[in-house]
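Reader: I should like to learn how cysteines and aromatic rings are read in a model. Please take me through them in turn.

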Amino acid sequence: MSFSQRLNSEYKRFIENLVDGVQLEKFDETNANFIIVIMPGGIYRGLELKLCILVGKEYPFKPPRIYFCDGIPIHPHVLSCGSIRINLLQEDVWSPAMNLQ
């Protein structure tokens, strides 16, 4: 499966399985960028968070870059610049079997 086929397949799956409080604001197939708006409940209730997902041409063999581009939450796995630091997004842990969802 080619890069664009895989990306389009994942995009379609994402749209079909949207969770309450999450919407896709922008999908730029040319640059393989997504912007997702999250309006969570709980301690983040009322805060609109924008999550940027940058998918490089090496995807799925290299992980996407995911960060908060607006409304950065205070969380142990989120740096003050908005970058998300979890093991699954590290190159030595990421697997092509994983997906954006």
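Reader: Is Cys69 buried, exposed or partly exposed?

Author: Buried means under 20% relative accessible area, exposed over 50%, and partly exposed in between, with a 1.4 Å probe and protein chains only. Cys69 is partly exposed, its relative accessible area being 35%. This is a predicted model, in which local features need pLDDT of at least 70, side-chain atom pairs count only at pLDDT 80 or more, and totals for chains, interfaces and linings use all residues. Residues are numbered from 1 along each chain as its sequence is written, and side-chain values use heavy atoms, with hydrogens and water left out.

Reader: Which cysteines form a disulfide?

Author: A disulfide is a pair of cysteine sulfur atoms within 2.5 Å. Cys52 and Cys69 form one, with their sulfur atoms 2.2 Å apart. The torsion about their S-S bond is about 90°, so the disulfide is right-handed. Cys52, at 6% relative accessibility, is buried.

Reader: Why is Cys81 not bonded to Cys69?

Author: The closest cysteine sulfur to that of Cys81 is in Cys69, and at 12 Å it is too far for a bond. Cys81 counts as exposed, at 51% relative accessibility.

Reader: How many aromatic pairs are there?

Author: Rings of Phe, Tyr and Trp (its six-membered ring) pair if their centres lie within 6.5 Å; planes under 30 degrees apart count as stacked, over 60 as edge-to-face and the rest as tilted. The count by this rule is 1 aromatic pair. The ring centres of Tyr59 and Trp94 are 6.1 Å apart and the planes lie at 45°, so the pair is tilted. Both Tyr59 and Trp94 are buried.
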